[in-house]
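Here are a few exercises to work through with the structure open beside you. Try each task before you read its solution.

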Amino acid sequence: MLDERPYDLLIIGGGVNGAGIARDAAGRGLRVALIEAGDLGGGTSSASTKLIHGGLRYLEFYAFGLVAKALAEREVILDAAPHISWPQAFVLPHVPSLRPAWMIRAGLWLYDHLAKRRQVPGSSSVDLHRDSAGRSLDKSLTRAFRYWDGWIDDSRLVVLNAVDAQARGALIRPRTRVVSADRDGGGWTIALDSGETLRAATIVNAAGPWAETVARDVLKLADPAPLRLVQGAHIVTRRVNMSGDAFMLQQPDGRIVFVLPYQTRYSLIGTTDTPVDTPDGAAITPQEEAYLIDAANRFLVRPITAADIVHRYAGIRPLVLEEDKDAHETTRDWKLVEHDCGTLTVVGGKITTYRRLAEAVLTKAAPKTKAWTKSAPLPGGDVPRRRGETGQLAFARWLRELIARHPDHDPALVTRLARTHGTAAESLLSQPLGENFGGLFEAELRRFATQEWARTGDDVLWRRTKMGLHLDAAACARVTAWMAAFTRS
Ligand SMILES: Cc1cc2nc3c(=O)[nH]c(=O)nc-3n(C[C@H](O)[C@H](O)[C@H](O)COP(=O)(O)OP(=O)(O)OC[C@H]3O[C@@H](n4cnc5c(N)ncnc54)[C@H](O)[C@@H]3O)c2cc1C
């Protein structure tokens with residue numbers, strides 16, 4: 001049953017942007033409802049490359065403002081969510097025929113200096129015949145540059161924002177579609193596919209790649225914000241990064257492909273830029289798969305084949321429509337479109353800048369309230385900090401202590417639990433973990449179901465965790481059956 005009292009703000013879409021807006025708004029004392037058609041983070045926000053980065057390549061398009069804003073946010077997120085994020089080294093092999101060394105050095109100098117850095121080291125030159133990164137790369141490559149960015153578990157970031165929003169009073173309603181919204185008197189009446197209705201003074205359309213459809217068909221606006229929809233695909237392969245470095249690989253077509261160490265045993269390779277007409281049904285094409293394999297093999301010492309692929313995924317970027325630009329040149333910045341009736345549509349954006357985007361929405365929707373999220377840890381990121389200590393350093397120290405406090409458990413398991421649940425790992429470890437589904441435990445499934453809105457096997461195997469990569473088919477089926485039985489009970 002929904003509360004009949006009107007909400008101040010109703011958000012359509014539970015991706016990173018919707019969840020971030022809900023958290024920020026609830027913390028400012030607004031009555032907030034977040035309605036998500038599927039699972040939280042089930043859209044683009046679980047299909048990203050998982051970088052919190054300034055975007056080194058955007059410097060080529062003179063997007064200094066976007067890069068500086070994103071680099072500053074990199075520090076904020078590494079600090080607020082140290083359990084699900086960490087600094088990541090990137091090695092960029094030098095190919096003289098593509099970009100000259102002076103240009104890369106100048107770009108990296110800017111990247112190092114555009115924003116304050118406390119948790120991320122600066123860039124340096126690398127001799128690939130001496131450096132451990134060279135072990136994974138073709139022996140013809142001699143020089144490279146190493147720089148740093150951040151890695152984050154994108155779908156957990158979404159859920160943690162929703163958890164905090166709920167703790168601050170927001171209604172979070174996944175698996176419920178907004179089917180229509182009608183303006184009457186001073187607000188909106190919103191109909192859900194559950195048959196329920198609710199009232200709200202303001203609506204924020206944060207439906208990502210579906211935002212244009214929602215603006216036109218659900219909100220019935222005459223001025224829906226036009227989007228450029230671009231599919232990006234990834235493959236997960238056997239591990240090809242022998243050192244801890246990620247690789248940033250320049251391609252002959254001017255694009256960049258990343259090869260990241262992923263989930264200990266694997267590498268994550270992406271991404272593509274394929275224009276699409278619809279936000280529905282994102283799926284990697286055979287051409288995209290071949291493109292990614294070729295892109296990696298231009299640089300790897302041990303080439304990969306399709307047989308090395310263990311998982312694939314694709315997502316749709318909702319980009320600002322810029323008529324005169326290619327997909328890879330189109331800005332990754334966001335735009336807030338204010339419709340005549342006072343509703344807002346969020347267009348574009350990045351995982352990295354979701355918190356700033358939420359602040360910008362609240363500046364418009366609730367101008368008398370104050371920003372507060374910059375220094376507030378996300379759930380599980382509230383590790384005890386010594387004076388002046390960064391979130392990353394405090395987490396590393398807390399994790400060492402946690403492992404020492406639980407000598408009966410494998411340190412790898414304690415680390416996995418801490419990286420998934422943050423400080424909540426402490427209470428999980430102090431109780432029986434229950435049935436073991438091959439490294440994923442019953443106590444976790446119960447927690448995901450009761451505190452994080454998980455209902456299906458996929459919710460927990462691919463979004464609350466990435467254990468779908470590690471469990472065999474029989475274990476995945478047992479997890480799915482457990483979730484189904486728990487949901488029925
Ligand atoms: C391949 C790829 C790689 C990327 N890599 C990075 C990266 O490394 N770093 C980075 O910072 N950014 C990256 N991005 C960008 C980033 O992922 C997106 O900008 C971000 O996830 C968009 O979030 P969102 O909340 O706007 O949209 P979504 O996450 O798509 O959320 C929108 C939600 O709206 C819901 N919805 C739609 N219609 C309705 C309705 N009628 N009622 C209720 N709910 C509805 C959908 O179910 C969906 O869950 C990448 C994007 C792609 C595609």
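**Exercise 1. Find the residue in β6 that stands opposite A89, then work out which strands pair with β6.**

Step 1. A89 stands opposite W148 in β6. Keep in mind that this is a predicted model, where local features need pLDDT of at least 70, side-chain atom pairs count only at pLDDT 80 or more, and totals for chains, interfaces and linings use all residues. Residues are numbered from 1 along each chain as its sequence is written.

Step 2. Strand β4 (residues 85–93) runs antiparallel to β6, and 9 bridges join them. Strands here are DSSP runs of E with at least two residues, helices are runs of H or I with at least four, and both are numbered from the N terminus. Two strands pair if DSSP finds at least two bridges between them.

Step 3. Strand β5 (residues 124–127) also pairs with β6 in the antiparallel sense, over 4 bridges. Look for D127, whose bridge partner in β6 is R143.

Step 4. Strand β3 (residues 51–52) pairs with β6 too, antiparallel and over 2 bridges. Here I52 has G150 as its bridge partner in β6.

**Exercise 2. Decide why strand β6 counts as largely enclosed.**

Step 1. Get the cut-offs straight: a residue is buried if 20 or more other C-beta atoms lie within 10 Å of its own, exposed if 12 or fewer, and partly exposed in between, with C-beta atoms placed from the backbone.

Step 2. Apply that to β6 (residues 143–152): 8 of its 10 residues are buried, so the strand is largely enclosed by the rest of the structure.

Step 3. For contrast, go to A474 in helix α13 (residues 473–488). A474 has 9 other C-beta atoms within 10 Å, so it is exposed.

**Exercise 3. Pick out the residues that touch the most other members of the largest nonpolar core.**

Step 1. A nonpolar core is a set of buried Ala, Val, Leu, Ile, Met, Phe, Trp, Tyr and Cys residues joined through C-beta atoms within 7 Å.

Step 2. The largest one has 91 residues, and A22, V32 and L34 touch the most other members.

Step 3. Zoom in on A22: setting aside neighbours within four places in sequence, A22 is in contact (C-beta atoms, placed from the backbone, within 7 Å) with I11, V32, L34, A162, A165 and A170.

Step 4. Another core lies apart from that one, with 38 residues, including L108, F247, V257 and A296.

**Exercise 4. Work out where the ligand lies in relation to domain 1 and domain 2.**

Step 1. The domain assignment, which is automatic or from a database, gives domain 1 (7–45 + 155–225 + 331–375), domain 2 (48–152 + 228–320) and domain 3 (391–488).

Step 2. Domain 1 and domain 2 have their C-alpha centres 30 Å apart. Across the boundary, 23 residues of domain 1 are in contact with 23 residues of domain 2.

Step 3. Now check the shell around the ligand: both of these domains give residues to it, so the ligand lies between them.

Step 4. There are 40 residues around the ligand (C-beta atom, placed from the backbone, within 6 Å of it). G13, G15, G43, G208 and G232 come nearest. Among the elements, β16 gives the most to this shell, with 4 residues.

Conventions:
Contact = placed C-beta atoms within 7 Å.
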